[in-house]
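Reader: I'd like a close look at one part of this model, please. Take me through it piece by piece.

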Amino acid sequence: VNTIGVLTSGGDASGMNAAIRAVVRKAIYNGKKVKGIYRGYSGLLNEEIRDLTARDVSDTISRGGTILGTARCSEFRTEEGQKLGAEICRKHGIEGLVVIGGDGSFAGAQKLAGLGINTIGVPGTIDLDIACTEYTIGFDTAINTAMEAIDKVRDTSTSHERCSIIEVMGRQAGYIALYCGIANGAEDILVPEKYDFDEQKLINNILKNRKRGKKHHIIINAEGIGHSTSMARRIEAATGVETRATILGHMQRGGSPTCKDRVYASMMGAYAVDLLCAGKTNRVVGYRHGDFTDFDIDEALAMQKELPEYMWEVAYALSV
Ligand code: F6P
(Lines give C-alpha, C1' and ligand atoms only; values in the text may rest on other atoms or scores of the structure.)
Protein backbone atom coordinates (compact mmCIF):
# COMPACT_ATOMS: atom_id res chain seq x y z
CA VAL A 1 0.00 0.00 0.00
CA ASN A 2 1.16 3.54 -0.75
CA THR A 3 -1.59 5.59 0.84
CA ILE A 4 -3.17 4.83 4.20
CA GLY A 5 -6.47 6.29 5.36
CA VAL A 6 -7.49 6.65 9.01
CA LEU A 7 -10.88 7.23 10.60
CA THR A 8 -12.48 7.11 14.04
CA SER A 9 -15.98 5.68 14.37
CA GLY A 10 -18.60 5.12 17.08
CA GLY A 11 -18.28 6.67 20.55
CA ASP A 12 -15.10 8.67 21.02
CA ALA A 13 -12.54 7.65 23.64
CA SER A 14 -9.54 9.40 25.19
CA GLY A 15 -6.41 8.17 23.46
CA MET A 16 -7.93 8.09 19.98
CA ASN A 17 -5.80 11.11 19.08
CA ALA A 18 -2.67 9.28 20.22
CA ALA A 19 -3.65 6.41 17.89
CA ILE A 20 -4.32 8.77 14.94
CA ARG A 21 -1.00 10.51 15.55
CA ALA A 22 0.79 7.15 15.61
CA VAL A 23 -0.89 6.05 12.36
CA VAL A 24 0.12 9.28 10.64
CA ARG A 25 3.69 9.36 11.87
CA LYS A 26 4.45 5.64 11.54
CA ALA A 27 3.03 5.63 8.01
CA ILE A 28 5.20 8.60 7.06
CA TYR A 29 8.19 6.93 8.74
CA ASN A 30 7.48 3.84 6.61
CA GLY A 31 7.44 6.02 3.46
CA LYS A 32 3.64 6.13 2.98
CA LYS A 33 1.13 8.94 2.47
CA VAL A 34 -1.76 9.42 4.91
CA LYS A 35 -5.29 10.69 4.45
CA GLY A 36 -7.60 11.56 7.33
CA ILE A 37 -11.27 10.71 6.92
CA TYR A 38 -13.47 13.01 9.01
CA ARG A 39 -16.68 12.01 10.90
CA GLY A 40 -16.24 8.25 10.59
CA TYR A 41 -17.95 6.24 7.88
CA SER A 42 -20.44 9.02 7.29
CA GLY A 43 -17.55 11.35 6.37
CA LEU A 44 -16.16 8.64 4.10
CA LEU A 45 -19.46 8.53 2.21
CA ASN A 46 -19.44 12.34 2.00
CA GLU A 47 -15.78 12.36 0.91
CA GLU A 48 -14.61 14.41 3.86
CA ILE A 49 -11.04 13.38 3.21
CA ARG A 50 -7.84 15.39 3.66
CA ASP A 51 -4.10 14.73 3.43
CA LEU A 52 -2.44 14.55 6.84
CA THR A 53 1.18 15.48 7.52
CA ALA A 54 3.25 14.84 10.63
CA ARG A 55 2.60 18.46 11.65
CA ASP A 56 -1.18 18.02 11.45
CA VAL A 57 -1.01 15.76 14.49
CA SER A 58 1.28 17.98 16.57
CA ASP A 59 -0.01 18.76 20.06
CA THR A 60 -2.70 16.10 19.92
CA ILE A 61 -1.37 13.25 22.08
CA SER A 62 -2.55 14.87 25.30
CA ARG A 63 -5.98 15.85 23.99
CA GLY A 64 -9.20 13.93 24.61
CA GLY A 65 -11.81 13.27 21.91
CA THR A 66 -10.81 12.70 18.31
CA ILE A 67 -9.43 15.38 16.00
CA LEU A 68 -11.03 13.52 13.07
CA GLY A 69 -14.50 13.67 14.63
CA THR A 70 -16.69 10.60 14.80
CA ALA A 71 -20.20 9.43 13.98
CA ARG A 72 -22.46 6.42 14.12
CA CYS A 73 -23.49 5.78 10.51
CA SER A 74 -26.51 3.61 9.69
CA GLU A 75 -25.98 4.00 5.92
CA PHE A 76 -22.73 2.11 6.22
CA ARG A 77 -24.60 -0.95 7.47
CA THR A 78 -26.15 -1.32 4.01
CA GLU A 79 -24.46 -3.06 1.09
CA GLU A 80 -24.83 0.03 -1.11
CA GLY A 81 -23.18 2.17 1.56
CA GLN A 82 -20.27 -0.25 1.89
CA LYS A 83 -19.75 -0.47 -1.89
CA LEU A 84 -19.81 3.31 -2.17
CA GLY A 85 -17.29 3.52 0.69
CA ALA A 86 -14.90 1.16 -1.11
CA GLU A 87 -15.27 3.12 -4.37
CA ILE A 88 -14.54 6.40 -2.60
CA CYS A 89 -11.42 4.87 -1.01
CA ARG A 90 -10.23 3.80 -4.45
CA LYS A 91 -11.04 7.22 -5.94
CA HIS A 92 -8.85 8.87 -3.30
CA GLY A 93 -6.07 6.32 -3.71
CA ILE A 94 -6.65 4.88 -0.23
CA GLU A 95 -5.39 1.30 -0.47
CA GLY A 96 -5.10 0.66 3.24
CA LEU A 97 -7.44 1.87 5.99
CA VAL A 98 -7.14 2.00 9.78
CA VAL A 99 -10.51 2.05 11.56
CA ILE A 100 -10.36 3.08 15.21
CA GLY A 101 -13.56 2.14 17.04
CA GLY A 102 -15.59 -0.67 18.58
CA ASP A 103 -17.21 -3.87 17.34
CA GLY A 104 -19.77 -1.99 15.20
CA SER A 105 -16.96 -0.13 13.46
CA PHE A 106 -15.09 -3.40 12.86
CA ALA A 107 -18.13 -4.86 11.11
CA GLY A 108 -17.80 -2.00 8.60
CA ALA A 109 -14.05 -2.61 8.31
CA GLN A 110 -14.73 -6.29 7.60
CA LYS A 111 -17.04 -5.34 4.72
CA LEU A 112 -14.52 -2.92 3.24
CA ALA A 113 -11.83 -5.61 3.42
CA GLY A 114 -14.18 -7.92 1.52
CA LEU A 115 -14.48 -5.21 -1.13
CA GLY A 116 -10.73 -5.05 -1.66
CA ILE A 117 -9.64 -2.22 0.66
CA ASN A 118 -6.96 -3.51 3.02
CA THR A 119 -8.45 -2.73 6.41
CA ILE A 120 -7.21 -2.98 10.00
CA GLY A 121 -9.31 -2.32 13.14
CA VAL A 122 -7.89 -0.71 16.26
CA PRO A 123 -10.00 -1.17 19.43
CA GLY A 124 -11.21 2.20 20.72
CA THR A 125 -13.96 2.23 23.33
CA ILE A 126 -14.25 3.11 27.00
CA ASP A 127 -16.41 0.00 27.52
CA LEU A 128 -13.63 -2.65 27.17
CA ASP A 129 -16.27 -4.80 25.50
CA ILE A 130 -14.18 -6.11 22.59
CA ALA A 131 -13.65 -9.82 23.09
CA CYS A 132 -10.27 -10.34 21.41
CA THR A 133 -8.40 -7.80 23.52
CA GLU A 134 -7.66 -7.15 27.19
CA TYR A 135 -7.16 -3.45 26.44
CA THR A 136 -9.23 -0.91 24.53
CA ILE A 137 -8.29 2.73 23.96
CA GLY A 138 -10.00 5.02 26.47
CA PHE A 139 -10.91 2.50 29.16
CA ASP A 140 -8.03 3.50 31.42
CA THR A 141 -8.84 7.21 31.21
CA ALA A 142 -12.54 6.52 31.75
CA ILE A 143 -12.00 4.44 34.89
CA ASN A 144 -9.60 7.01 36.31
CA THR A 145 -12.09 9.81 35.64
CA ALA A 146 -14.94 7.79 37.13
CA MET A 147 -12.81 6.77 40.12
CA GLU A 148 -12.00 10.39 40.96
CA ALA A 149 -15.63 11.42 40.59
CA ILE A 150 -16.82 8.55 42.79
CA ASP A 151 -14.27 9.51 45.50
CA LYS A 152 -15.91 12.94 45.55
CA VAL A 153 -19.42 11.54 45.82
CA ARG A 154 -18.20 9.27 48.61
CA ASP A 155 -17.01 12.26 50.70
CA THR A 156 -20.43 13.84 50.73
CA SER A 157 -22.13 10.48 51.12
CA THR A 158 -20.14 9.82 54.29
CA SER A 159 -20.81 13.29 55.72
CA HIS A 160 -24.54 12.86 55.25
CA GLU A 161 -24.55 9.16 56.12
CA ARG A 162 -26.29 8.42 52.85
CA CYS A 163 -26.53 5.65 50.36
CA SER A 164 -25.21 6.76 46.95
CA ILE A 165 -25.95 5.03 43.70
CA ILE A 166 -23.41 6.04 41.08
CA GLU A 167 -24.14 5.04 37.52
CA VAL A 168 -21.16 4.49 35.24
CA MET A 169 -21.10 3.87 31.48
CA GLY A 170 -20.25 0.61 29.73
CA ARG A 171 -23.18 -0.16 27.48
CA GLN A 172 -24.02 -3.88 28.11
CA ALA A 173 -20.66 -4.54 29.81
CA GLY A 174 -19.75 -4.14 33.48
CA TYR A 175 -15.99 -3.55 33.24
CA ILE A 176 -16.05 0.14 34.22
CA ALA A 177 -18.34 -0.72 37.14
CA LEU A 178 -16.18 -3.63 38.27
CA TYR A 179 -12.92 -1.68 38.16
CA CYS A 180 -14.43 1.31 39.96
CA GLY A 181 -16.14 -1.03 42.42
CA ILE A 182 -12.71 -2.27 43.50
CA ALA A 183 -10.89 1.07 43.17
CA ASN A 184 -13.51 3.01 45.12
CA GLY A 185 -14.28 0.33 47.71
CA ALA A 186 -17.95 0.14 46.81
CA GLU A 187 -20.34 -1.75 49.07
CA ASP A 188 -22.27 -3.09 46.07
CA ILE A 189 -21.43 -3.41 42.38
CA LEU A 190 -24.23 -4.02 39.89
CA VAL A 191 -23.16 -5.31 36.48
CA PRO A 192 -25.38 -6.61 33.65
CA GLU A 193 -23.38 -9.85 33.47
CA LYS A 194 -24.26 -10.76 37.08
CA TYR A 195 -27.20 -8.74 38.39
CA ASP A 196 -30.24 -10.78 39.35
CA PHE A 197 -32.57 -7.76 39.86
CA ASP A 198 -33.08 -8.79 43.48
CA GLU A 199 -33.36 -5.36 45.10
CA GLN A 200 -34.23 -6.95 48.43
CA LYS A 201 -30.63 -8.23 48.64
CA LEU A 202 -29.36 -4.68 48.22
CA ILE A 203 -31.77 -3.41 50.85
CA ASN A 204 -30.70 -6.11 53.31
CA ASN A 205 -27.05 -5.27 52.67
CA ILE A 206 -27.62 -1.57 53.35
CA LEU A 207 -29.44 -2.33 56.62
CA LYS A 208 -26.77 -4.81 57.69
CA ASN A 209 -23.99 -2.30 56.99
CA ARG A 210 -25.81 0.40 58.96
CA LYS A 211 -25.92 -1.92 61.99
CA ARG A 212 -22.19 -2.56 61.59
CA GLY A 213 -21.55 1.18 61.74
CA LYS A 214 -20.80 1.97 58.11
CA LYS A 215 -21.40 5.65 57.44
CA HIS A 216 -22.11 5.43 53.74
CA HIS A 217 -23.18 2.83 51.25
CA ILE A 218 -21.78 3.19 47.76
CA ILE A 219 -23.50 1.28 45.00
CA ILE A 220 -21.80 1.37 41.60
CA ASN A 221 -24.47 0.69 39.01
CA ALA A 222 -23.54 -0.11 35.41
CA GLU A 223 -25.62 1.69 32.79
CA GLY A 224 -26.57 -1.68 31.32
CA ILE A 225 -28.80 -1.99 34.41
CA GLY A 226 -29.64 1.71 34.65
CA HIS A 227 -32.72 3.16 36.39
CA SER A 228 -30.50 4.62 39.14
CA THR A 229 -32.91 7.41 40.06
CA SER A 230 -35.95 5.19 40.55
CA MET A 231 -33.77 2.61 42.30
CA ALA A 232 -32.68 5.34 44.73
CA ARG A 233 -36.30 6.22 45.52
CA ARG A 234 -37.22 2.59 46.17
CA ILE A 235 -34.16 1.96 48.32
CA GLU A 236 -34.76 5.08 50.41
CA ALA A 237 -38.40 4.08 50.97
CA ALA A 238 -37.47 0.54 51.97
CA THR A 239 -34.46 1.33 54.19
CA GLY A 240 -35.18 4.78 55.57
CA VAL A 241 -31.60 5.66 54.55
CA GLU A 242 -31.38 8.85 52.50
CA THR A 243 -30.38 7.77 49.01
CA ARG A 244 -29.15 9.80 46.03
CA ALA A 245 -28.36 8.83 42.47
CA THR A 246 -25.51 10.32 40.44
CA ILE A 247 -25.16 9.51 36.76
CA LEU A 248 -21.61 10.25 35.64
CA GLY A 249 -22.46 10.20 31.93
CA HIS A 250 -20.29 11.54 29.14
CA MET A 251 -17.62 13.02 31.41
CA GLN A 252 -16.22 9.46 31.36
CA ARG A 253 -15.50 9.73 27.64
CA GLY A 254 -13.48 12.95 27.69
CA GLY A 255 -10.38 14.46 29.22
CA SER A 256 -6.66 14.16 28.68
CA PRO A 257 -5.72 10.48 28.25
CA THR A 258 -3.76 8.69 30.96
CA CYS A 259 -0.18 7.62 30.30
CA LYS A 260 -1.37 4.06 29.65
CA ASP A 261 -3.92 5.20 27.06
CA ARG A 262 -1.36 7.40 25.32
CA VAL A 263 1.26 4.67 25.16
CA TYR A 264 -0.97 1.71 24.26
CA ALA A 265 -2.93 3.74 21.69
CA SER A 266 0.37 4.84 20.12
CA MET A 267 1.56 1.23 19.98
CA MET A 268 -1.69 0.02 18.44
CA GLY A 269 -1.79 2.78 15.81
CA ALA A 270 1.79 2.02 14.78
CA TYR A 271 1.11 -1.73 14.80
CA ALA A 272 -1.88 -1.25 12.47
CA VAL A 273 0.33 0.61 9.98
CA ASP A 274 2.96 -2.13 10.12
CA LEU A 275 0.26 -4.73 9.39
CA LEU A 276 -0.86 -2.76 6.33
CA CYS A 277 2.74 -2.34 5.19
CA ALA A 278 3.17 -6.13 5.49
CA GLY A 279 0.21 -6.55 3.10
CA LYS A 280 -2.24 -7.69 5.81
CA THR A 281 -5.98 -7.00 5.70
CA ASN A 282 -9.14 -7.90 7.65
CA ARG A 283 -7.26 -7.86 10.98
CA VAL A 284 -7.93 -6.33 14.39
CA VAL A 285 -5.13 -5.20 16.68
CA GLY A 286 -5.37 -6.54 20.22
CA TYR A 287 -3.49 -6.75 23.49
CA ARG A 288 -3.23 -10.12 25.16
CA HIS A 289 -0.97 -11.72 27.77
CA GLY A 290 1.28 -8.65 27.89
CA ASP A 291 1.78 -8.24 24.14
CA PHE A 292 0.33 -6.40 21.16
CA THR A 293 -1.00 -8.87 18.64
CA ASP A 294 -3.62 -9.17 15.89
CA PHE A 295 -6.60 -11.32 14.96
CA ASP A 296 -8.67 -12.05 11.90
CA ILE A 297 -11.69 -9.67 12.07
CA ASP A 298 -14.20 -12.49 11.45
CA GLU A 299 -12.73 -14.50 14.33
CA ALA A 300 -12.47 -11.44 16.56
CA LEU A 301 -16.13 -10.55 16.03
CA ALA A 302 -17.20 -14.12 16.82
CA MET A 303 -15.30 -14.24 20.14
CA GLN A 304 -17.08 -13.97 23.49
CA LYS A 305 -15.79 -12.19 26.56
CA GLU A 306 -16.69 -12.80 30.18
CA LEU A 307 -16.22 -10.64 33.21
CA PRO A 308 -13.13 -11.98 35.02
CA GLU A 309 -14.62 -14.30 37.65
CA TYR A 310 -11.81 -14.05 40.21
CA MET A 311 -11.82 -10.25 40.02
CA TRP A 312 -15.56 -10.29 40.66
CA GLU A 313 -15.08 -12.61 43.64
CA VAL A 314 -12.33 -10.39 45.09
CA ALA A 315 -14.44 -7.26 44.61
CA TYR A 316 -17.13 -8.82 46.79
CA ALA A 317 -14.71 -10.18 49.38
CA LEU A 318 -13.30 -6.66 49.82
CA SER A 319 -16.66 -4.90 50.12
CA VAL A 320 -17.41 -6.05 53.69
O1 F6P B 1 -19.56 2.95 23.80
C2 F6P B 1 -19.24 4.06 24.56
C3 F6P B 1 -20.44 4.64 25.25
O4 F6P B 1 -20.03 5.77 26.00
C5 F6P B 1 -21.21 3.66 26.13
O6 F6P B 1 -20.60 3.47 27.39
C7 F6P B 1 -22.56 4.30 26.18
O8 F6P B 1 -23.57 3.32 26.32
C9 F6P B 1 -22.69 4.97 24.84
O10 F6P B 1 -21.39 5.08 24.31
C11 F6P B 1 -23.34 6.31 24.88
O12 F6P B 1 -23.54 6.73 23.57
P13 F6P B 1 -23.90 8.21 23.12
O14 F6P B 1 -22.62 8.99 23.10
O15 F6P B 1 -24.48 8.04 21.77
O16 F6P B 1 -24.83 8.78 24.13
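Which residue of β8 does I189 stand opposite?

Author: I189 stands opposite I220 in β8. Keep in mind that this is a predicted model.

Let's stay with that strand for a bit. β8 covers residues 217-222, and six of its six residues are buried, so the strand is largely enclosed by the rest of the structure. You can see this on either face: H217, I219 and N221 are buried on one side, while I218, I220 and A222 are buried on the other.

Now for the partners. I189 brings in β7 (residues 188-190), which is joined to β8 by three bridges, with the two strands running parallel. Then there's β6 (residues 163-168): six bridges tie β6 to β8, and this pair is parallel too. Here I166 is the residue that stands opposite I220. So I220 has I166 of one strand and I189 of another as its opposite numbers, and I220 is itself among the buried residues of β8.

Next, the ligand. The residues around the ligand include M169, G170 and R171, along with E223. Also in that shell are G11, T125, I126, D127 and R253. Sorted by class, the shell has two nonpolar, three polar and four charged residues.

D127 deserves a stop of its own. UniProt lists D127 for "active site", in an unreviewed entry. D127 sits in the loop between β5 (118-123) and α5 (139-159). Despite being in a loop, D127 counts as buried because it has 26 C-beta neighbours inside 10 Å, where the cut-off is 20 or more. Setting aside neighbours within four places in sequence, the contacts of D127 are M169, G170, R171, A173 and Y175. Of these, M169, G170 and R171 are also found around the ligand.

Stepping back to the whole chain, the secondary structure adds up to 11 helices and 11 strands. The radius of gyration is 22 Å, close to the 20 Å that the globule rule gives for 320 residues, so the chain is as compact as a globular protein of that length. Along its principal axes, the C-alpha trace spans about 70 × 35 × 35 Å. As for burial, 50% of the 320 residues count as buried. Among contacts between residues at least 6 apart in sequence, 76% join residues at least 24 apart.

Lastly, the UniProt record (unreviewed entry) places "domain: Phosphofructokinase" at residues 4-276. That span is 43% helix and 17% strand, and its end C-alpha atoms lie 8 Å apart.

Technical notes
Residues are numbered from 1 along each chain as its sequence is written. This is a predicted model: local features need pLDDT of at least 70, side-chain atom pairs count only at pLDDT 80 or more; totals for chains, interfaces and linings use all residues. UniProt positions are given in the numbering used here, feature names are shortened, and annotations may be inferred rather than shown by experiment. Helices (H or I, at least four residues) and strands (E, at least two) are DSSP runs, numbered from the N terminus. A residue is buried if 20 or more other C-beta atoms lie within 10 Å of its own, exposed if 12 or fewer, and partly exposed in between; C-beta atoms are placed from the backbone. Two residues are in contact if their C-beta atoms, placed from the backbone, lie within 7 Å. The radius of gyration is taken over C-alpha atoms; the globule rule is 2.2 Å times the number of residues to the power 0.38. A residue is near a molecule or strand if its C-beta atom, placed from the backbone, lies within 6 Å of it. Ala, Val, Leu, Ile, Met, Phe, Trp, Tyr, Cys and Pro count as nonpolar, Asp, Glu, Lys and Arg as charged, and the others, Gly among them, as polar. Two strands pair if DSSP finds at least two bridges between them.
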